[in-house]
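Dear colleague,

Please find below the structure that I would like to hand over to you. My notes on the ligand site, the database annotations and two backbone details follow it.

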Amino acid sequence: MRTAVYPGSFDPITNGHLDIIKRSSKVFDELVVGVLVNPQKKGLFDIEERVELIKKAVKDIPNVKVESFSGLLINFLRQKHAKVIVKGLRAVSDFEYEFQMSLMNSKLDPNIETVFMMASAGNSFLSSSSVKQVAMFGGCIQGLVPDSVMPAVINKIKNL
Ligand code: PNS
């Protein structure tokens, strides 16, 4: 069984993330979405909320699981018996950071490969931080995040 891990902060999941999840779930037998627990970075949503929002968005895709992880990504892969990391690439500007991370991960464990999937053209401008900014200043986030996530973002920002 070929298991891949799609890691990230997902604060919150966007339609760009969801597109990568849908497409890569067709390439692998099982896809585990790994939500990084990062104590140094306080996000808009806490980890349990992020996991729940992703679970709702992927509920109709049978071979996708959602879990949180802390520490090194390669250790999470080992736990999941996965050998592949899936990452989305939006633009050249993503390349340097992603290239560095993939080299570091293969240095830490040469058995692990990072596979890059290009973002769909319509999502190449999307990021969790831009979605948060738009919502923060009252802009419309319809079509930027899954429909099930939209009310959660609006409510969260209202109650800040
Ligand atoms: O959505 P993000 O914030 O770009 O995701 C970054 C993530 C979670 C993939 C990255 O920070 C990560 O893998 N963190 C775990 C720590 C780790 O394994 N570091 C070594 C590789 S540089």
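In this predicted model, α4 supplies the largest share of the shell around the ligand, namely three residues, where helices (H or I, at least four residues) and strands (E, at least two) are DSSP runs numbered from the N terminus. Both β1 (3–8) and α4 (92–108) contribute at least two residues each to that shell. Residues are numbered from 1 along each chain as its sequence is written. Since the model is predicted, local features need pLDDT of at least 70 and side-chain atom pairs count only at pLDDT 80 or more, while totals for chains, interfaces and linings use all residues; side-chain values use heavy atoms, with hydrogens and water left out.

The residues around the ligand, meaning those with a heavy atom within 4 Å of it, are Pro-7, Gly-8, Ser-9, Leu-36, Gly-71, Leu-72, Leu-73, Lys-87, Met-101, Met-104 and Asn-105. By class, the shell comprises six nonpolar residues, four polar and one charged, with Ala, Val, Leu, Ile, Met, Phe, Trp, Tyr, Cys and Pro counted as nonpolar, Asp, Glu, Lys and Arg as charged, and the others, Gly among them, as polar.

Two polar contacts (pairs of N or O atoms within 3.5 Å) can be named: a ligand oxygen atom lies 2.6 Å from a side-chain N or O atom of Ser-9, and a ligand oxygen atom is 2.8 Å from a polar backbone atom of Leu-73. Of the 550 Å² of accessible area that the ligand has on its own, the protein covers 73%, as computed by the Shrake-Rupley method with a 1.4 Å probe.

The ligand takes up the space of the largest pocket, a pocket being an open set of points on a 1 Å grid over the protein atoms alone, where a 1.4 Å probe fits, with protein on both sides within 12 Å along at least five of seven lines; a molecule sits in one if more than half of its atoms lie within 2 Å of its grid points.

From an unreviewed UniProt entry, whose annotations may be inferred rather than shown by experiment, come the "binding site" positions Ser-9, Lys-41, Leu-73 and Lys-87. The lining of the largest pocket (residues with an atom within 4 Å of a point) includes Ser-9, Lys-41, Leu-73 and Lys-87. Lys-41 is placed in the loop between β2 (30–36) and α2 (47–57).

Finally, the loop between β1 and α1 (15–25) holds Pro-12, which is joined to Asp-11 by a cis peptide bond with omega of about 5°. Phe-10 lies in the loop between β1 and α1, and its phi is positive, near 50°.

Best regards

Notes. Polar contact = N/O pair within 3.5 Å; in protein donor to acceptor, adjacent residues only side chain to side chain.
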